[in-house]
Every structure is written in structure tokens, then in C-alpha cells.
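Visitor: I have a model open and want to learn how to read it. Where do we begin?

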Amino acid sequence: MGVDQGTDLTESRSDVAPIVADLRRVFATGRTRPAAWRIAQLEGIERLLVEREDDIVQALAEDLGRSSLENWFIDVAPAGAEASYVRKRLRRWMRRSLRGLPVNQQPALGWVQYEPLGVVLIVGAWNAPVTLALKPLVAAVAAGNCVVLKPSELTPATSRLLARIVPEYLDPEAVAVVEGDGTVTQDLLAQGMDHCLFTGGTEIGRKVMAAAAPHLTPVTLELGGKSPVIVTADADLEVTARRIAWAKLLNSGQVCLAPDYLLVERSVRDELVARIVEAVGRFRAEESSPGVRIINERQFDRLAGYLATTRATVVLGGGFDREGLTVEPTVLLDPEVDEPMMTEEIFGPILPVLAVDSLDAAFAFVTSRPKPLAAYLFTRSADARRRFVAEISAGGMVVNHLVYHYSAQVLPFGGVGASGTGRYNGKWGFETFSNRKAVLVKPFKPDPRFVYPPYTDRAVAILRRLF
């Protein structure tokens with residue numbers, strides 16, 4: 001769910017085959033299929049998040065340097081809400097769904113039967129290492145699967161914690177937490193998993209898909225991209241600035257759904273920028289450091305490189321400290337469109353702002369680039385909103401706010417094109433990890449002879465009328 005996982009899928013050095021083999025044996029017993037087992041796992045996830053919240057928050061603070069409130073908001077609350085939502089609806093989702101059949105199939109009964117896929121792999125990400133592991137886990141166990149959960153090695157305290165506590169709350173013979181780097185992911189995929197959900201960067205996502213291909217393992221890729229924000233002249237600029245600043249500062253900007261760049265109608269650009277600068281200052285008034293924490297040296301160097309080479313005008317921030325791995329929240333005006341920060345996902349606290357002369361120009365800019373994970377529009381115009389929804393392709397979109405669609409269980413979450421493939425959240429996650437099996441049942445009678453050869457002219461006429 002970001003720029004990259006920080007690891008590569010190189011030559012395998014791990015031994016996970018016995019773990020996967022044990023999970024397959026458990027799945028073959030049918031233990032994970034009943035609703036009672038599935039609900040027990042969901043209840044376990046809910047209890048884990050409540051009873052071990054302090055441990056989770058502490059581990060996240062150690063790995064990411066975030067506040068307790070931010071850790072709860074980003075990692076604890078979304079996963080808990082997802083587990084509760086799915087648990088309350090699961091029995092209904094599991095029921096077979098009857099389908100009306102056409103007259104040429106009658107008499108017959110047809111339905112869709114949801115069945116678990118088998119042993120599935122979930123590869124988490126470092127920027128939200130609990131929620132991006134447990135939300136997909138909710139979907140996988142709700143669908144009745146055995147699961148291998150591979151947390152990100154870039155958040156070692158959180159990874160160790162998940163490896164220790166998940167077996168305490170979920171069936172340890174059906175849900176295995178496997179720690180390690182990209183070689184472990186490679187080895188797991190080599191076992192021929194029944195599904196893989198990977199959250200991370202586009203480049204590693206390509207390698208995950210390539211590693212899954214020899215085994216025809218279906219993959220759900222939750223990636224990232226450059227999520228644009230378009231602001232029209234009639235927007236409420238005070239609210240718009242506040243919401244953009246909040247979303248950009250979330251997790252130091254290391255969020256796949258963060259606003260990546262702004263396209264603002266020229267007549268209001270300067271006022272909006274001034275309000276964003278004011279909002280950032282207000283939000284960070286009690287912070288002791290001018291910079292925000294970046295996950296590691298690799299990501300820090302990338303962001304510092306953007307700032308060191310940009311030809312844009314700096315109106316806020318622009319500083320960085322390698323010793324503390326911090327980058328100041330930064331607002332830039334008019335970067336060149338071929339700068340690295342305008343061609344690569346920023347995934348940090350840097351916000352480029354470009355002026356546009358019209359909504360048409362903004363739409364043309366966005367549609368000329370790879371499809372983003374999210375797209376945002378701030379406007380009072382119903383016509384602009386309709387055009388935005390109709391003309392911009394993105395994994396998801398929000399009008400007059402940002403990010404919130406991720407936590408809406410009634411909406412699917414995922415990308416399109418280079419920003420990902422597949423969906424989860426609520427019932428979409430249950431369906432992603434289920435085989436939607438078509439079932440058709442017919443009686444022995446009637447069994448009309450005209451459907452079998454040799455075909456008379458009359459039989460052909462009847463068949464052509466029916467089909």
C-alpha cells in the first residue's frame with residue numbers, strides 16, 4: 001500500500017513447506033467451513049484488538065514513531081470495525097443465493113454456493129502493519145480459509161507482536177504467522193497457494209504476480225499510485241485546506257491514499273495554499289520537531305532527493321534531517337511535470353501544487369497518467385462532481401474529503417491498472433476469498449427426445465425457438 005515493501009523477491013532461503021502442508025491437512029478436515037468456526041475467529045480478532053491495544057500501540061510507536069491516537073485511528077479501529085461488521089453479517093452471506101433460470105433450462109434449480117478457496121497467503125505492508133494484515137485476515141477467515149499471514153519485516157516490533165499474539169486469539173492450527181523478508185514471500189508463493197493478497201508497491205507487486213503465475217495462484221494486489229486532488233474555484237477553501245492538510249500529515253504522508261499532488265484552479269491557488277500552510281502550522285503547533293518521522297533510510301533518501309533536486313518554489317518546509325530520519329511537511333508550487341516527484345508516488349509529507357486554468361485541463365492531466373488508487377475532488381458544483389465520477393478512472397474516489405472510503409465497509413476497496421487489482425472490505429473481501437460456485441440441479445424427468453440427435457426439422461425448430 002505504498003511505494004515499496006523495501007524487500008525483493010530473490011532466491012529462496014526459507015523453509016515454509018511444512019507449515020503450508022500442515023494448513024492443507026487442517027483445511028482438508030473441513031474444520032474451517034462451519035459458520036461457528038469462522039465467527040469464532042472474527043471474535044478472536046475483535047478481542048485481540050481490544051485486549052492487546054496497548055501492546056499494539058507500543059509496537060507501532062517503536063516501529064513508526066506515531067502517537068497513540070494515530071496508531072489507534074490507523075491500525076486498531078479500522079480492523080476492529082471490519083471484524084465486527086463482517087461477523088454480524090456472515091451467516092447471511094454464507095447462504096446459497098438462488099438464481100432464476102431461463103425457460104430453456106427448466107425444470108431446474110440454480111444457485112451460487114460460496115465455498116472457501118483453501119490455504120491463502122496475506123502479505124502485509126509496513127505503513128499500517130496491523131490493519132493491513134488483519135483486515136484481509138478478517139476476509140480470509142470469514143470465507144473459511146486456512147491462512148498464512150506474513151507481516152512486513154520493516155516493522156519488526158509489530159511483526160514479532162503479531163507472531164506472538166495471533167495464535168493466542170485465533171485457531172493456531174489454521175492461521176499461521178510467518179515472519180521474514182521477501183525470500184519468505186517467494187518461498188510461500190512457490191507452495192502454490194490458493195490465493196494471495198499482497199499490499200505494497202507496484203514494482204514488488206509485479207514480482208509477486210510473476211512468482212504466483214507458474215502455479216496459477218490468483219492474486220489481489222493492493223498497490224498505490226499518485227492520487228490526485230482537484231480543487232475548483234467554488235470550493236470551500238477553508239474546509240478543503242484543513243482536510244487536505246490532515247490527510248497529508250496522516251502517518252507522515254506514508255499512506256497509499258494520501259493526496260499525492262494538487263491541481264487547483266488558478267484563481268484560488270494562492271488562497272488555498274496559504275490556508276493549507278496555516279492548517280499544517282495549527283495541526284503541528286505542539287510538536288517539538290519541525291520534521292515528521294520516515295520509516296527508514298531508503299525512504300528518507302528518496303524523499304530528500306526529491307527536495308534536493310526540485311525546481312519548484314518552496315512555500316512551506318523543505319528541510320530534512322538524516323540523523324533523525326525526519327522530513328518537514330512541505331508544500332511546493334509549480335514543480336516540473338517530469339520531476340521524479342511528479343512521476344513517482346511520493347509517499348511522504350511533500351505536497352506539490354499545480355495551477356490549472358479549467359476543470360478540463362485538470363481532467364486531461366489526470367487521465368494522461370497511470371490510473372490512481374484514489375482520486376479526490378473539492379467542489380460545490382453538481383456538474384463537476386458528475387463529470388469527475390464519469391471521466392476519471394481510479395480505484396475509488398471521494399468528493400469533498402479524502403481517505404474515508406477505505407473504512408466504509410459497504411464500499412469495495414482496491415485499485416485499477418497499475419494501482420492494483422481485486423477488492424476487499426466487507427462483503428467484497430468475503431467474495432474475494434471465496435469460490436462462487438455455480439450449482440444447477442435438474443430432475444430426471446422430463447427428458448424430451450428432441451434435444452438429442454438425430455435432429456428432425458421439427459426438433460431444430462423447437463431448439464431454435466428455445467435457445
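Guide: We will take strands, a buried loop residue, salt bridges and a surface patch in turn. Keep in mind that this is a predicted model.

Visitor: Start with strand 8. Which residues lie on each of its faces?

Guide: The general idea comes before the case. In a regular strand, side chains alternate between the two faces of the sheet. Strand 8 covers residues 228-231. Pro 228 and Ile 230 sit on one side, Val 229 and Val 231 on the other. All four are buried, so both faces of the strand are covered, given that buried means under 20% relative accessible area.

Visitor: Which strand do four bridges join to strand 8, and do the two run parallel or antiparallel?

Guide: The partner is strand 9, residues 261-265, and the two run parallel. To find the register, look at Pro 228: its bridge partner in strand 9 is Tyr 261. Now follow the chain between these strands. Strand 8, helix 9 (residues 237-249) and strand 9 form a β-α-β unit, and it is right-handed.

Visitor: With which strand does strand 8 pair over three bridges?

Guide: That is strand 16, residues 374-378, and this pairing is parallel. Here Val 229 is a good marker, since Tyr 376 of strand 16 stands opposite.

Visitor: Next, a loop residue. Is Ser 419 buried or exposed?

Guide: Ser 419 has a relative accessible area of 0%, so it counts as buried. Its loop runs between strand 17 (396-399) and strand 18 (420-421).

Visitor: Which backbone oxygens does the side chain of Ser 419 reach?

Guide: There are two to look at. The backbone oxygen of Pro 372 is at 3.3 Å from the Ser 419 side chain. The backbone oxygen of Lys 371 lies 3.4 Å from a polar atom of that side chain.

Visitor: On to charges. How many salt bridges does the structure hold?

Guide: The idea is simple. Side chains of opposite charge can pair when their charged atoms come close. This structure holds 26 salt bridges. Take Arg 87 and Glu 46, whose closest N and O atoms are 2.5 Å apart. That pair links distant parts of the chain, 41 residues apart: Arg 87 is in helix 4 and Glu 46 in helix 2 (residues 35-51). Arg 87 is partly exposed at 24% relative accessible area, whereas Glu 46 counts as buried at 18%.

Visitor: What does the salt bridge between Arg 322 and Asp 301 look like?

Guide: The closest N and O atoms of Arg 322 and Asp 301 are 2.8 Å apart. Arg 322 is in the loop between strand 12 (320-321) and strand 13 (326-327), and Asp 301 is in helix 11 (residues 297-309), so the pair ties together parts 21 residues apart in sequence. Arg 322 counts as partly exposed at 41% relative accessibility. Asp 301, at 35%, is partly exposed too.

Visitor: Which residue meets Arg 436 in a salt bridge?

Guide: Glu 431, at 3.6 Å from N to O. Glu 431 counts as buried, with 17% relative accessibility. Salt bridges can also link up: Arg 31, Asp 171 and Glu 173 form a network.

Visitor: Last, the surface. Which residues form the nonpolar patch with about 420 Å² of accessible area?

Guide: Leu 69, Trp 72, Phe 73 and Tyr 404 do, and the area is their joint figure. Phe 73 belongs to helix 4, residues 68-94. At 35% relative accessibility, Phe 73 counts as partly exposed.

Notes: Residues are numbered from 1 along each chain as its sequence is written. This is a predicted model: local features need pLDDT of at least 70, side-chain atom pairs count only at pLDDT 80 or more; totals for chains, interfaces and linings use all residues. Side-chain values use heavy atoms; hydrogens and water are left out. Patches are made of residues with over 30% relative accessible area and no salt bridge: like charges are joined within 9 Å, nonpolar side chains (Val, Leu, Ile, Met, Phe, Trp, Tyr) within 5 Å. Accessible areas come from the Shrake-Rupley method with a 1.4 Å probe; for residues, only the protein chains shown count as cover. A salt bridge is a side-chain nitrogen of Lys or Arg within 4 Å of a carboxyl oxygen of Asp or Glu. Buried means under 20% relative accessible area, exposed over 50%, partly exposed in between (1.4 Å probe, protein chains only). Two strands pair if DSSP finds at least two bridges between them. A crossover is right-handed if, with the strands pointing away from the viewer, the path from the first strand over the helix to the second runs clockwise. A polar contact is a pair of N or O atoms within 3.5 Å; within protein, one must be able to donate a hydrogen and the other to accept it, and residues adjacent in sequence count only if both atoms are side-chain atoms.
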